[in-house]
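Visitor: I'd like to go through the empty spaces in this model with you, and hear the reasoning behind each label. Shall we look at it together?
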Amino acid sequence: MDTPADNTLSAWIARTAADAIRRGLGQLVPLIESLGSTMASLRSADWNDDARSAARPDPRDREHLR
Amino acid sequence: MTEPCLLSITDLARRMAAREISSVETTRTCLDVIAERDAELRAFITVLADEALAAASQADADLAAGRRRGPLHGVPISLKDLIDVAGVPTTAASRVRAGVIATHDAAIVARLRRAGAVIIGKCNLHEFAFGTTGEESAFGPTRHPADPSRSPGGSSGGSAVSVVTGMAFASIGTDTGGSIRIPAAACGCVGLKPTCGELPLGGIVPLSRSLDHVGPLARTVADARLILEALHGARPAGRAPDRPEPAALRLGLPGDYLMETLDDAVRGRFERALAALRATGVRIDDVRLPHASSTPAVYLAVQLPEASAYHAATLERQPGDYQPGVRQRLELGRYVLAEDYVRAQRGREVLRCEVDAALGGRDALVLPTLPIPAPQLGAQTVQVGSRTESIRAMMLRLTQLFNLTGHPAISLPCGTTADALPCGLQLVGRINRTDGLLAVAHVCEEILR
């Protein structure tokens with residue numbers, strides 16, 4: 001089965017689902033899709049780093065919580 | 001008059017000291033309840049009747065000779081069956097561990113014995129503690145004592161059932177996403193998750209090593225404190241912190257994500273509890289946890305791969321020995337990417353700092369423990385208002401945050417629904433201040449009783 005070569009979440013879901021089916025674990029596919037949605041929200045959280053962005057406040061520095 | 005097997009440990013110790021009741025008599029009453037009710041409820045996997053009676057007899061002899069070993073002298077206590085007792089199987093409620101006999105006591109079991117406890121048996125759980133209902137166990141589901149068609153919560157469900165029915169005076173459970181507090185709330189007892197790292201986990205089958213905690217389920221806050229002191233072992237127990245006056249207490253009430261999805265009956269009981277606390281002068285004000293809605297994503301990205309790493313070899317060797325749902329979740333965890341695990345660790349730090357900030361100037365946070373009453377066995381979803389929610393997500397929703405952050409948290413009974421199903425009130429304290437949390441909980445317990 002052809003699967004995407006990049007490492008986006010949609011590619012991860014396609015690749016992972018294909019691997020689960022290959023291993024006889026097809027019942028995992030809906031769980032993988034659901035986990036993909038959850039990981040999408042994790043990746044969009046505002047604490048994540050971006051190598052091109054300005055430095056973010058350290059979460060241990062309480063000033064940004066005020 | 002309260003039946004002997006339903007006394008608090010504090011009251012039992014007083015009666016034992018006055019020679020009104022012996023440890024052997026006490027242990028026999030617990031064994032009688034097990035014999036009478038456990039075929040239906042399945043709270044126990046292994047009952048250590050002979051060993052418990054022998055230990056109780058020794059406790060009576062020691063007391064007669066003036067040797068009192070500690071605050072739990074002669075008190076029957078149960079253990080979740082993923083905690084090692086030398087010479088006894090540790091099943092973790094799984095066929096995967098068939099034939100595995102512990103060679104040593106877990107560190108906390110050795111400490112319980114030093115404090116005089118009588119180990120009465122090992123309790124049923126959700127397989128490998130990987131679930132919140134107790135349904136997936138190689139030994140059959142544990143059932144709720146008030147309604148056997150329902151789950152007692154999990155994963156320490158057998159422990160909670162043993163405490164509320166009189167099969168044991170207290171139990172030791174583990175809590176990775178709420179597994180002590182959830183069944184305590186569902187069954188109507190006290191459940192304490194201490195600060196992360198406060199108690200040793202040696203000799204306990206792990207679920208997720210960075211989220212795992214061990215702690216007591218008990219009938220009262222005072223009993224939970226007695227057990228916690230025993231579990232601290234060599235550390236001096238110290239004097240209990242002064243119990244604050246209600247008017248000196250200040251609690252923070254989180255909103256938004258942690259309060260927006262509650263069953264109506266649970267919300268009603270919680271609001272009545274808040275009104276009762278306020279009526280005695282407790283100050284309760286709103287606090288914000290801006291990233292609380294990220295909790296499930298952060299939790300999954302940490303918990304799933306940590307659990308899968310522990311099980312990787314047996315998933316390859318004997319996959320058919322796992323309960324199907326547990327196997328699926330473990331296999332799922334093998335696909336989580338390391339970069340997502342790292343993102344989650346960063347999120348964990350953000351959440352920890354937000355909880356710390358919300359506790360600033362306050363004694364504890366207050367929220368419900370469970371957003372729904374004990375669910376029906378076999379159900380996958382539950383109706384909450386107009387929404388259909390996954391039971392697993394609902395059971396973990398209000399507790400897992402504090403496993404990620406490591407703050408100590410306790411669940412107290414907070415009344416029942418119209419169907420006589422218990423509700424729980426959760427208090428969350430400062431890191432490394434479990435003693436302070438217990439002092440707050442004691443005051444709240446007296447007001448809510």
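Visitor: What makes 4 residues in the lining of the second largest pocket count as charged?
Guide: This is a predicted model, so the answer rests on computed positions. Asp, Glu, Lys and Arg count as charged, and 4 residues of this lining fall in that class, alongside 7 polar and 2 nonpolar ones. Among the residues nearest the centre of this pocket, B:Glu136, B:Arg329 and B:Arg392 are therefore charged by that rule. B:Ala379 and B:Gln380 also lie nearest the centre; Ala is in the nonpolar list, and Gln, being in neither list, is polar.

Visitor: How many residues line that pocket, and how much space does it hold?
Guide: The lining has 13 residues, and the space is about 320 Å³.

Visitor: Which residues lie closest to the centre of the largest pocket?
Guide: The space there is about 610 Å³. Of its 26 lining residues, A:Ser34, A:Thr38, B:Leu300, B:Arg392 and B:Ala393 are the closest to the centre. Two or more residues each come from α2 (29-43) of chain A and from α9 (295-317), α10 (324-333), β11 (387-390) and α12 (391-396) of chain B. By class, the lining has 12 nonpolar, 9 polar and 5 charged residues.

Visitor: Why is the space of about 70 Å³ called a cavity?
Guide: A cavity is a set of points where a 1.4 Å probe fits but cannot get out, whereas a pocket is an open set. The space of about 70 Å³ is listed as the largest cavity, so by that rule the probe cannot get out of it. With a cut-off of 30 Å³ or more, the count is 3 cavities.

Visitor: What lines the largest cavity?
Guide: Its lining includes B:Phe130, B:Thr176, B:Leu207, B:Tyr299, B:Gln303, B:Arg392 and B:Leu396. Helices α9 and α12 of chain B are the elements that give two or more residues. The classes are 5 nonpolar, 6 polar and 1 charged. Arg counts as charged, so B:Arg392 in this lining is the 1 charged residue.

Visitor: How do you know which residue is the charged one in the second largest cavity?
Guide: This cavity holds about 50 Å³ and is lined by B:Ala13, B:Met16, B:Ala17, B:Leu63, B:Arg68 and B:His73. Its classes are 4 nonpolar, 1 polar and 1 charged. Arg is on the charged list and His is on neither list, so B:Arg68 is the charged residue and B:His73 the polar one. Helix α1 (residues 9-17) of chain B gives the most to this lining, with 3 residues.

Terms used. Residues are numbered from 1 along each chain as its sequence is written. Chains are lettered from A and ligands numbered from 1 in the order in which they are written. This is a predicted model: local features need pLDDT of at least 70, side-chain atom pairs count only at pLDDT 80 or more; totals for chains, interfaces and linings use all residues. Side-chain values use heavy atoms; hydrogens and water are left out. On a 1 Å grid over the protein atoms alone, a cavity is a set of points where a 1.4 Å probe fits but cannot get out, and a pocket is an open set with protein on both sides within 12 Å along at least five of seven lines; lining residues have an atom within 4 Å of a point. Grid points are joined across faces, edges and corners, and a volume is the space filled by probe spheres set on the points. Helices (H or I, at least four residues) and strands (E, at least two) are DSSP runs, numbered from the N terminus.
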